[in-house]
Each structure stands twice: as C-alpha cells, then as structure tokens.
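The exercises below ask the reader to work through a protein–DNA model one part at a time. Each task is followed by a solution that goes step by step.

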Number of protein chains: 2
Amino acid sequence: MQILSHKERTYYLEKYQIDDFFSFDVSPFLEVCQFEKGEWIFQEGLFPDTLYYMMEGKAKLYVTHKNGKVSLIEYLKAPLFMGEIELLNETKYTKGIQTVTPTICLSITTQNCKEKLLADARFLRKLCVFLGEKAANMTAKYTQNQAYPLENRLAAFIQLSAEQGIYKEKHTEICEYLGVSYRHLLYVLAQFCEQGILVKQKNGYHIVDEAGLAYLAQEIS
Amino acid sequence: MQILSHKERTYYLEKYQIDDFFSFDVSPFLEVCQFEKGEWIFQEGLFPDTLYYMMEGKAKLYVTHKNGKVSLIEYLKAPLFMGEIELLNETKYTKGIQTVTPTICLSITTQNCKEKLLADARFLRKLCVFLGEKAANMTAKYTQNQAYPLENRLAAFIQLSAEQGIYKEKHTEICEYLGVSYRHLLYVLAQFCEQGILVKQKNGYHIVDEAGLAYLAQEIS
DNA sequence: ACAATAATGTGAGAAATCTCATATTTTTAA
DNA sequence: TTAAAAATATGAGATTTCTCACATTATTGT
C-alpha cells in the first residue's frame, strides 16, 4: 500500500467529488492510497480502524471457515465502502479483502473522526444506500443458493461474466464463489458441453446456445 | 391491521422513546398500529410506501422463487425496521413479512417525509447500524450455508431455538428456513436420535447429549 | 362435532454434490 | 532457466439431499 502524493490526491478527490460525501472538512483525516494487484486490504481476524472508499479497482471478499473451507463471498467493484461495518458496530467482522486490479482508495482513519462521521447526514445517507443494497444483494444470493442447484446458478454466472460469448474464469476461484467443489463445477461444465450449450476451446468455453443458457439461468428471479 | 388510539399511541411512543429516533417532529407522519398474529405486513410483489419500526412482536420474512420453492429468509424480532430498503433504493424489494405474534409497529408513510428522513442524521445513524448488522448477518448465513451440511447447521439451530433442553419447532417451517427438503430434515433429526444426541418424545425432541450437539454446532464460526 | 386442512412420518429410488487419488499442464518465483 | 507451486483434468466411490408416493396424526374453522 502506498499513499499518494499531494498532486495525485487532489486529482482523485476532485475526480470523484469527495467533498460532496461529507458536510464537514474530512481532509485532515483522509489519505488517498493505492494498493497493488493481489494485495490484501483487510486480513481476516484483524480489527481495522480504517474506513476505505474504493474509487477505482476490483477486489474479492473472502472468509475462511473453521473447517478450512474458503468462501469467496463477493466480487467487489468500485465504487464502494470497505470497513464500514466495523465503523458502525463494535463487532469484529474481519473478513479478508484482496485486490484483483490496482486499486485507488480513500482511506479515513476513524479514530479521531468517528463521531463526526456518525453525525453527518450526508455521509450517513450514502452509507445507508450502500448498506441497503448490500443487504438486499446478500439476501438474494442467499435465497437463490438455497433454492437452485448449480446448473442454474452457474448458467446465470456464465451469462454475467462471459465476454464476447466466451467464458474464461478460473475454476479454482469460481468454485469458491459458487460454494461447490472443484470437481462438481467441472462436471456441470462438461454437462453444458454435452448439451451443446458450451464448446470448450483453448481460450475458454464458447457459448454456442445462448437461448439454452438463458433458459437455465432465467429460472432465477 | 388496526391503528391504535391516541392513548395507546402515546404509551408506546414514550415506552420506546421514539422521539430520540428523529431530530425533527415526525408525529404528523406517524401512526402506531397493531397487527394480529399471522397477518401479512408486506406482501410479495407489492411496493410499500410505508416504513415500519416494529416495537413489539415477531415475524417471518419470506420469498417465493420462480420455481415455486419458498424460502423463510429470517425470523424477525423486535426491535427492527421494515420497508427501509424501499425507502432508500427505488428497487422493488418486495419480500413477504408475516407476523408470528401480535405485533406493535410504528408506521411512517414516507410519501411526505422521505426527504426529511433521509436528511436526519439521528435517524440515519440508527438505520445504518441496523443495516450493517443485517448485511453482516446475511453474509454470515450465506457463507455458512455454503460451507456446512445440514448436520452442522441443524445442530446450531437446535441449540439456538431449544427451550429448557427441548426442541419443538415446526418441521414444515424449519425446512424452509434451513433450505432443505422436509424429508431430509426428518432424516437428520432421526440420525441425531440414533446417535443418542436427541430423544424424541411427545412434547418435542429432548437434548440428551448437550456436548455432542455442541460439537456438531461449534464447527460453525 | 366433524370435515377440511395442515403437519407428521416413512420408504424407495434418483439426483446433486463431495472426497480422495492421481496425472498433466500452466504459471510463478528464485 | 528451472524447480516449485498452482491450476486443470478425470475416475471411482461415498454422502448429502431431493422427489414422489402414500399413510397417519393433529389442528382448525364452522
């Protein structure tokens, strides 16, 4: 992690109109920083005292279970808050966040401005909207996972993540994201190929039956 | 649903110090109402324009999937907000909420005070804390469901819901809550009996091996 | 009080998903 | 550049979970 120079800082603060987020002057509490690709922003099990606002970049939110299984909970895409749960509640939430691309973040050490933040309607409103969406999204994911087998969830995910009709995510990552074993993910992909929905090629799985895929995916609300 | 008289209204507003929730006078926008047991507060597929704050009571949050499956997402216990997602985001969230006991709610028709609410730091802060917890809880449930078979999740649920060492929830409800079939729930309960963890009696399943149950449950973080 | 409805209980077979073992290929780091 | 690490791939057998069919109790409304 690297703290950006005054010049860059000003650039980003203006580009994303950070002033509009707060009704008081946060600049004394604030840095703009950059994480490299693959760097951990939060590590599981630590208490952060920093609130981040990701302005540019992508990351992954992880949790490790007592039985050793790892869940990739969510793909995070700017703009978003990180560490906001810890600001609000005393609980140690302590999930891991790892960047996927170089990432630019606003970083606010909350120690000295927690009370100001929690009394600022402009900030709180933004946070509420963010948290409301997050809660709604997690609820949707939770219930969909309960109600549909991998066949449907994977179809929906392929639709979402394919580019130019080609699906080429890393299996090791996606099985953690979809909450199934590596083996089973491969089985269902093979099944899609058998059904003539996908064709496996060097550069990824090509979607050849768009409609068939959509049929499997659309079951999900 | 029944709107309470002035006298009752005043009683509840004082009991739960509702004035402290807002920095402006909400009383023009507010009613105190009571739902009967089993009544629906929200129905799936409708747009509510009312924000509720449940002061007393319990309810269940439901969603119905396109494939006909029903998920009991959460048990709701006072105090909590309902309809807050709709206040914040334009999205139609539209889940169903059904009371389990008679329930007393603050009811705020948001049409005329939405802007006031969303500019009130005191209210927003409460809402943020609530939403933060909700998001954290859903995330935890989501990942646990991915990482553990029913054996572990049911053990944890029995610990949580048993009273005086007796588990007596309705199977039909719990299988919707745990996201498994009725059949499978019965299988695993039978298995717990075989293992000598539970003993089935007229009035419910008696926990006889507290430690064995804890062992199965404690796997979950 | 009694018919309708909801909840409980069980068997059998099938589908979804997991674990483990093992081999090959690709990527990464010293 | 090369050895180590990570990712891909596949088989075999075991577990978990599902669907469906059907029988037996409660519960509930009138």
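**Exercise 1.** Into how many nonpolar, polar and charged residues does the surface near DNA strand C divide?

*Solution.* The residues of this surface divide into 8 nonpolar, 5 polar and 5 charged, where Ala, Val, Leu, Ile, Met, Phe, Trp, Tyr, Cys and Pro count as nonpolar, Asp, Glu, Lys and Arg as charged, and the others, Gly among them, as polar.

Before going on, note that this is a predicted model, in which local features need pLDDT of at least 70 and side-chain atom pairs count only at pLDDT 80 or more, while totals for chains, interfaces and linings use all residues. Residues are numbered from 1 along each chain as its sequence is written, chains are lettered from A and ligands numbered from 1 in the order in which they are written, and side-chain values use heavy atoms, with hydrogens and water left out.

**Exercise 2.** Describe the surroundings of DNA strand C, from the residues near it to the individual polar contacts.

*Solution.* Begin with the neighbours: 18 residues surround DNA strand C, and the closest are A:Ser181, A:His184, B:Tyr182, B:Arg183 and B:Lys200, a residue being near a strand if one of its heavy atoms lies within 4 Å of it. Of the atoms of DNA strand C that come within 4 Å of the protein, sugar and phosphate account for 54%.

Next, assign the surface to secondary structure, with helices (H or I, at least four residues) and strands (E, at least two) taken as DSSP runs numbered from the N terminus. H7 of chain A, together with helix H6 (171-178) and H7 of chain B, each supply at least two residues, and the largest share, 4 residues, comes from H7(B).

Finally, look at polar contacts, which are pairs of N or O atoms within 3.5 Å; within protein, one must be able to donate a hydrogen and the other to accept it, and residues adjacent in sequence count only if both atoms are side-chain atoms. A backbone N or O atom of A:Ser181 lies 2.6 Å from a phosphate oxygen of DNA strand C, and a polar backbone atom of B:Thr172 is 3.2 Å from a phosphate oxygen. A base oxygen, by contrast, is the partner of B:Arg183, whose polar side-chain atom lies 2.8 Å from it.

**Exercise 3.** Which residues are closest to DNA strand D, and which parts of the strand do they and their neighbours approach?

*Solution.* DNA strand D is surrounded by 18 residues, the closest being A:Tyr182, A:Arg183, A:Lys200, B:Ser181 and B:His184. Of its atoms within 4 Å of the protein, 52% belong to sugar or phosphate and the rest to bases. On the phosphate side, a polar backbone atom of B:Ser181 is 2.6 Å from a phosphate oxygen, and one of A:Thr172 is 3.3 Å from a phosphate oxygen. On the base side, an N or O atom in the side chain of A:Arg183 is 2.9 Å from a base oxygen. H7(A) gives the most to this surface, with 4 residues.

**Exercise 4.** Work out how chain A and chain B are related and how they meet.

*Solution.* Superposed by least squares on the C-alpha atoms of residues with pLDDT of at least 70 in both, chain A can be laid on chain B with an RMSD of 0.1 Å by a turn of 180° and a shift of 0.0 Å along the axis. The two copies are thus related as by a two-fold rotation axis.

Turn then to the contacts (heavy atoms within 4.5 Å): 46 residues of chain A are in contact with 46 residues of chain B. Because 100% of the interface residues of chain A are also interface residues in chain B, the copies meet through the same surface.

The buried area, which is the accessible area (1.4 Å probe) that two parts lose on being put together, summed over both, is about 3,800 Å², and carbon and sulfur atoms give 62% of it. A:Arg125, A:Tyr142 and A:Gln146 supply 17% of the area that chain A buries against chain B, more than any other three residues.

Last come the polar features, with 13 residue pairs in polar contact between the chains, both residues at pLDDT 80 or more. H4(A) gives the most to the side of chain A that touches chain B, with 21 residues.

**Exercise 5.** Locate the salt bridges between the chains and one within chain A.

*Solution.* A salt bridge is a side-chain nitrogen of Lys or Arg within 4 Å of a carboxyl oxygen of Asp or Glu, and the rule finds 2 across the interface of chain A and chain B. A:Glu115 forms a salt bridge with B:Arg125, with the closest N and O atoms 3.3 Å apart. Within chain A, the side chains of A:Lys134 and A:Glu84 meet in a salt bridge (3.3 Å, N to O). A:Lys134 lies in helix H4 and A:Glu84 in helix H2 of chain A, so this pair ties together parts that are 50 residues apart in sequence.
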